[in-house]
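Visitor: I am new to this structure and would like to be taken through it slowly, one question at a time. Could you show it to me before we begin?

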Amino acid sequence: LRATLTIDPSFTVGDVDSRLYGSFVEHMGRCVYTGIYEPDHPSASPDGFRTDVADLARDLGVPLIRYPGGNFVSGYRWEDGIGPVSDRPTRLDLAWRSIETNRVGVDEFQRWAAGIGSETMMAVNLGTRGIEAARDLIEYCNLPGGTYWSDLRRKNGASEPYRIRTWCLGNEMDGPWQIGHKTAYEYGRLAAETAKAMRLVDPSIELVACGSSNSSMPTFGSWEATVLGETYDQVDYVSMHAYYEQRGDDRDSFLACSVDMDRFIDAVVATADHVRAVGRRKKRINISFDEWNVWYLKRFEGEANLPIREAPPLIEDVYSVTDAVVVGNMLISLLKHADRVKIGCQAQLVNVIAPIMTRPGGPAWKQTTYHPFALTSQYGRGTVLRVEPSSPTYETKWLGEVPLLDAVAVHTPDDGVSLFAVNRSQTSPMVLDVDLRGWPGYRVVSHVALADDDPDAVNTAEAPDRVVPRSLPTPAVDSGRTSVELPPLSWNLVRLG
Ligand code: AHR
């Protein structure tokens, strides 16, 4: 196989917003309890958080974390999670039929996130609640003091406001599974009025309206058009969510799922721009892709009628090399759309379809998917460059004919160019001819690849480093051209400088 691409400083897409490398912590399964928080764990800090998990999360590079849900937020009373822990109620969470002890709430989470260098992206409950609970929460979080809620935060130990910048107006409100599910018009009106009240408390915030839960929803497209029709002037982003999995043995289609992600993004951008045109508006609505990942949802669907439990193990998918290549490719898709996709949250951070796994009382380790995320977050900062790849194609059952290569480059001033590339061929290496026009004197600094003789290999507590990125030989650059060999079924980072 042979493919070509060009890295030219003039082919810019846009600057990467660091929030593109966000993550997501939901009160779901073992993400919070026995995930980030486990007071009895040997590594626990005085406030009960696992420092081994915090270290892995910090190294993953997640400048933003969405919290506290997810479906959970649509039944959540945020006031249950503040004040003395012994006074906090134990509730039944209907989203996951779980016991919620409220030992972790807004203040604990905010301290934890700040400690690992992340800002919080807070979601408000527009399922069972509405304007009042949302304006109280933002007053609690963002007002310096002098009012009931801001003074209560100070009393609870935070003298400075949290100044949370990015807020989600509910979660997946188009989904019939959502507690308080609404029609597009009902949701659009509530979101617009909630946004108005929240901005009266803090005009500096940025707001995300709910888009569709996925592109297969029967209301997809019309949902975005109606919701943005009601909220356009009040919000900054519309959300997107997408989860992919391999169906049966159709790995070829699964490896191409970021083609679907590209099309999905293009469709939502077009819909937002349609509403802009109809309203003769100047402002553009951008995308918050605030849930994305590989999720073997078909397996979970078998777990209907969950028994009521506290911190049950839910959707703890174990990720393979193939899954990691797909995750790396999804990040390429987000980068290719960096002009319009400003926020991305891989769902979720720990245990629940997560790059980090833990055992209660035991170790924490990196899943295969941790690696492409960490490297993209580390090196994918700066200006995204279109690379105009030309590659052989292959036929998929799901998406028809798709390219075997996907790639994007990011120019980081003072630190060179990082090329991210995926070879979707399960059997053949690919020679990638790179035209480095416009980068005189550049050489190949390094090439790391995530690939394996066994595409189903996974990391476990016993073998946490079974799958790690490996360095490959660096080819010479001759007359502004080089040729890099991409292993079969691989995600690659080639650094040039
Ligand atoms: O991330 C798991 C769940 O997936 C979230 O709670 C929900 O928003 C989505 O359907």
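Visitor: Into which domains is the protein chain divided?
Guide: Before answering, I should say that this is a predicted model. One of the domains is made from two separate stretches, 2-9 and 385-496, and the other runs over 17-379. The protein chain is thus divided into domain 1 (2-9 + 385-496) and domain 2 (17-379).

Visitor: How many residues does each domain give to the contact?
Guide: The C-alpha centres of domain 1 and domain 2 lie 30 Å apart. The two domains nevertheless touch, and the contact takes 34 residues from domain 1 and 33 residues from domain 2.

Visitor: On the side of domain 1 that touches domain 2, how do the residues divide into nonpolar, polar and charged?
Guide: The elements that give two or more residues to that side are strands E17 (393-396), E19 (405-411), E20 (417-423), E22 (444-450) and E25 (490-496). Sorted by class, the residues on this side of domain 1 are 23 nonpolar, 5 polar and 6 charged.

Visitor: Why is the protein chain described as being as compact as a globular protein of its length?
Guide: The protein chain holds 11 helices and 25 strands. For its 497 residues the globule rule gives 23 Å, and the chain is as compact as a globular protein of that length because its own radius of gyration is close to that figure, at 22 Å.

Visitor: What share of the contacts with a separation of 6 or more comes from residues 24 or more positions apart?
Guide: Some background on the whole chain may help here: its C-alpha atoms fill a box of roughly 70 × 60 × 45 Å along the principal axes, and buried residues make up 51% of the 497 residues. Among the contacts with a separation of 6 or more, the share that joins residues 24 or more positions apart is 78%.

Visitor: Which elements do the buried residues of helix H1 pack against?
Guide: In H1, which covers residues 51-60, the buried residues are Val53, Leu56, Ala57 and Leu60. Seen down the helix axis, these residues fall within an arc of 100°, so they line one face of H1. The elements they pack against are strand E14 (356-358), strand E15 (364-366) and helix H11 (370-379).

Visitor: Where is Arg359 found, and is it buried, exposed or partly exposed?
Guide: Arg359 sits in the loop between E14 and E15. In space, its C-alpha lies 8.0 Å from that of Ala461, although the two residues are 102 apart in sequence. Because Arg359 has 13 C-beta neighbours inside 10 Å, its class is partly exposed.

Visitor: In helix H4, which residues are exposed on the other side from the buried ones?
Guide: The buried residues of H4 (residues 148-155) are Trp149, Ser150 and Arg153. Viewed down the axis of H4, they fall within an arc of 100°, so they line one face of the helix, and what covers them includes helix H3 (131-142). On the other side of H4, the exposed residues are Tyr148 and Lys155.

Visitor: How many nonpolar, polar and charged residues does the shell around the ligand have?
Guide: The residues that surround the ligand are Glu26, Met28, Gly69, Gly70, Asn71, Asn171, Glu172, Ser213, Glu291, Ala347 and Gln348. Taken by class, this shell has 2 nonpolar, 6 polar and 3 charged residues.

Visitor: Which residues does the cis peptide bond with omega of about 15° join?
Guide: One cis peptide bond, with omega of about 0°, joins Tyr67 and Pro68, and Pro68 lies in the loop between strand E4 (64-67) and strand E5 (91-93). Gly70 also has its place in the loop between E4 and E5. The cis bond whose omega is about 15° joins Gly69 and Gly70.

Visitor: Why does Thr34 count as buried?
Guide: Thr34 lies in the loop between strand E3 (22-24) and H1, and has a positive phi of about 70° although it is not a glycine. Thr34 counts as buried because its C-beta neighbours inside 10 Å number 23.

Visitor: How many other C-beta atoms lie within 10 Å of Leu489?
Guide: Leu489 is in the loop between strand E24 (481-486) and E25, and its phi is positive, near 40°, in a residue other than glycine. Leu489 is buried, and the number of other C-beta atoms within 10 Å is 22.

Conventions. Residues numbered from 1 in each chain as written. Predicted model: local features only at pLDDT ≥ 70, side-chain atom pairs only at ≥ 80, totals over all residues. Buried ≥ 20, exposed ≤ 12 C-beta atoms within 10 Å, placed from the backbone. Helix = DSSP H or I, 4+ residues; strand = E, 2+ residues; numbered from the N terminus. Arc of directions from axis to C-beta. Contact = placed C-beta atoms within 7 Å. Near = placed C-beta within 6 Å. Nonpolar A, V, L, I, M, F, W, Y, C, P; charged D, E, K, R; others polar. Domains from an automatic or database assignment. Rg over C-alpha atoms; globule rule 2.2 N^0.38 Å.
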